[in-house]
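Q: I am new to this structure and would like a close look at a single part of it. Please pick one helix, describe it carefully, and then show what surrounds it.

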Amino acid sequence: MLNLAQTAPIVGAAFIASSVEVVEAFTIVLAVSVVRGVRPAAIGAAAALAVLACVVAAFGPLLASVPVHGLQLAVGILLLVFGLGWLRKAVLRAGGVLALHDEDQAFAKETQALRGHAGARETAANWLAGTVAFKAVLLEGTEVVFIVLAVGARPGLLVPAAVGAAAACVLVLALGLAVRRPLAKIPENSLKFLVGGMLTGFGTFWCCEGLGAPWPGGDWAILGLVALYLAAGLALSVTLRRTARRMA
Amino acid sequence: MEVLRALAATIAKMFATDLWLTATALAAVGLCAAGLRGHFIAPAVLPFVLAGGVLIALTVGVIRGARR
């Protein structure tokens, strides 16, 4: 029987991590729809979602035949590598070492690229626009699938993880359609910072579980781990900013 | 074909953006597994050792990134 302590962090982690990817995909699909109309953007996005659904339906059931400890260790490592990468990049961005990712810039870049092809024949231009939307949704969707599989790696937790990801898709789409512009207002680096801390926390937790070492406090240890990594990331970004100021 | 290439690049990017960070994280887990099997690390201590290893990997990864 699943309890709130188990499902709430799973739904939350899948929701936040997926929303980052959905924002990126939505920005590109929106750029396509602005330049070439809603039809090619919608067809491209729907085709990519269909491909993703087929892949998940084909490979998802295989997970049930893998031993739980082995799966936890494999997924723990996956999450750890994935989460540490995000956290490191978010720290470097917060510390001023890397430039912040700008959805407005991404939107302008895609729009510009598509307008460059607008002089081509109408059908070819629509195909191109549809392919761009397809590629964006497929690529970002693949990352969402990885997140859902990794976050929901324990028996019974795949559904809460999928619910979190689906909620992120619905919310981002609703917000995006309401404002009809790139979701640049969502502070992406803060989200990535949080998600990096969460994925690293989950990864550390599941690596130990997979190795057969129990955590003091059970599932509540995940919250402690996430807090620890976020605090460490924050301290590192503050140190980077101070060092840069001292050198200037 | 272009879509497949982009898909492969995305999956690679997810795990190989910083190979050193990936290698350090894998080494931390590997050392913990070896320590547990060889009875050098007690199961009750392992979570703290791994969390410490992850913190070291993150710190070194950030320092390397800042120096580039």
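A: The answer below takes α3(B), starting from its chain and ending with the partner chain.

The model is a predicted one. Chain B has three helices and zero strands, so its elements read α-α-α from the N terminus on. Of its 68 residues, 26% are buried.

The helix in question, α3(B), spans residues 46-67 of chain B. It holds 22 residues, and from its first C-alpha to its last it reaches 32 Å, close to the 32 Å expected at 1.5 Å a residue. Its buried residues are L46(B), P47(B), L50(B), A51(B), V54(B), A57(B), L58(B), G61(B) and V62(B). These residues lie on the same side of α3(B), because they cover an arc of only 140° around the axis. The spacing of such a list follows from helix geometry: an α-helix has 3.6 residues a turn, so residues three or four places apart point the same way. Turned away from the buried side is a face with the exposed residues G52(B), I56(B), I63(B) and R67(B).

Next comes the contact between the chains. Chain B contributes 31 residues to it and chain A contributes 32 residues. On the side of chain B that touches chain A, the elements giving two or more residues are α1 (2-16), α2 (19-37) and α3 (46-67) of chain B. The largest share of that side, 13 residues, comes from α3(B). By type, the residues of that side are 24 nonpolar, six polar and one charged.

Before α3(B) there is a loop that joins α2 and α3 of chain B, and H39(B) sits in this loop. The phi of H39(B) is near 60°, a positive value in a residue other than glycine. Most residues other than glycine have a negative phi. H39(B) counts as exposed because 8 other C-beta atoms lie within 10 Å, where the cut-off for exposed is 12 or fewer.

The partner, chain A, has eight helices and zero strands. Among its 248 residues, 48% count as buried. Of the contacts in chain A with a separation of 6 or more, 85% are between residues 24 or more positions apart.

The largest nonpolar core contains 88 residues, and A14(A), V29(A) and A133(A) touch the most other members. For A133(A), leaving aside neighbours within four places in sequence, the contacts are I28(A), V29(A), V32(A), P40(A), A41(A), G44(A) and A45(A). V29(A) thus appears both in that contact list and among the residues that touch the most other core members.

Two loop residues of chain A complete the picture. L98(A) lies between α3 (68-94) and α4 (103-116) of chain A. L98(A) is partly exposed because it has 17 other C-beta atoms within 10 Å, a count that falls between the cut-offs of 12 or fewer for exposed and 20 or more for buried. Not counting residues up to four places away in sequence, L98(A) touches K89(A), L92(A) and R93(A). G218(A) is in the loop between α7 (188-211) and α8 (221-247) of chain A. G218(A) is exposed, with 11 other C-beta atoms within 10 Å. The C-alpha atoms of G218(A) and F205(A) are 9.5 Å apart, while the two residues are 13 residues apart along the chain.

Notes
Residues numbered from 1 in each chain as written. Chains lettered and ligands numbered in written order. Predicted model: local features only at pLDDT ≥ 70, side-chain atom pairs only at ≥ 80, totals over all residues. Core = buried A, V, L, I, M, F, W, Y, C linked by C-beta atoms within 7 Å. Contact = placed C-beta atoms within 7 Å. Helix = DSSP H or I, 4+ residues; strand = E, 2+ residues; numbered from the N terminus. Nonpolar A, V, L, I, M, F, W, Y, C, P; charged D, E, K, R; others polar. Expected span 1.5 Å × (residues − 1). Arc of directions from axis to C-beta.
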